[in-house]
Amino acid sequence: METIYKILQKLGEADLETIVNEALKAGIPPPVATRHLMRLVEKKRVKVLCDVAVRYSPA
């Protein structure tokens, strides 16, 4: 889960596809990356930004 958070910190703000692609490069399968991202949202460590597209950013 911390790896996903670090990826998002590095990206600053990103959509789900970009986060999953970066996680895959780090060896984290897409279903696991998505699950970890949702846990970070639940813990309020990541904010969901709704605009034209849904994006995520570190809280």
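The following legends describe close-up views of salt bridges in a predicted model, for which the count comes to 5 salt bridges.

**View 1. Glu2 and Arg45 form a salt bridge.** The closest N and O atoms of Glu2 and Arg45 are 2.6 Å apart. This pair links distant parts of the chain, since Glu2 belongs to helix α1 (residues 2–11) while Arg45 sits in the loop between α3 (30–42) and β2 (46–50), 43 residues apart. Glu2 is partly exposed, with a relative accessible area of 39%, and Arg45 is likewise partly exposed, at 27%.

**View 2. Glu22 and Lys25 meet in a salt bridge within helix α2.** Their side chains come to 3.2 Å, N to O, and the two residues, both in helix α2 (residues 16–25), lie 3 residues apart, which is about one turn of the helix. Glu22 is buried, with a relative accessible area of 19%, because the cut-off for a buried residue is under 20%, whereas Lys25 is exposed, with a relative accessible area of 66%.

**View 3. Lys10, Glu22 and Lys25 belong to a network of salt bridges.** The pair formed by Glu22 and Lys25 is thus shown here together with Lys10, to which the network also extends.

**View 4. Arg39 and Glu42 form a salt bridge in helix α3.** The closest N and O atoms of this pair are 2.9 Å apart, and the residues are separated by about one helical turn because they are 3 residues apart in helix α3. Arg39 is partly exposed, with a relative accessible area of 37%, whereas Glu42 is exposed, its relative accessible area being 55%.

How values were computed
Residues numbered from 1 in each chain as written. Predicted model: local features only at pLDDT ≥ 70, side-chain atom pairs only at ≥ 80, totals over all residues. Heavy atoms only, no water. Salt bridge = Lys/Arg side-chain N within 4 Å of Asp/Glu carboxyl O. Helix = DSSP H or I, 4+ residues; strand = E, 2+ residues; numbered from the N terminus. Buried < 20%, exposed > 50% of the residue type's maximum accessible area, 1.4 Å probe, protein only.
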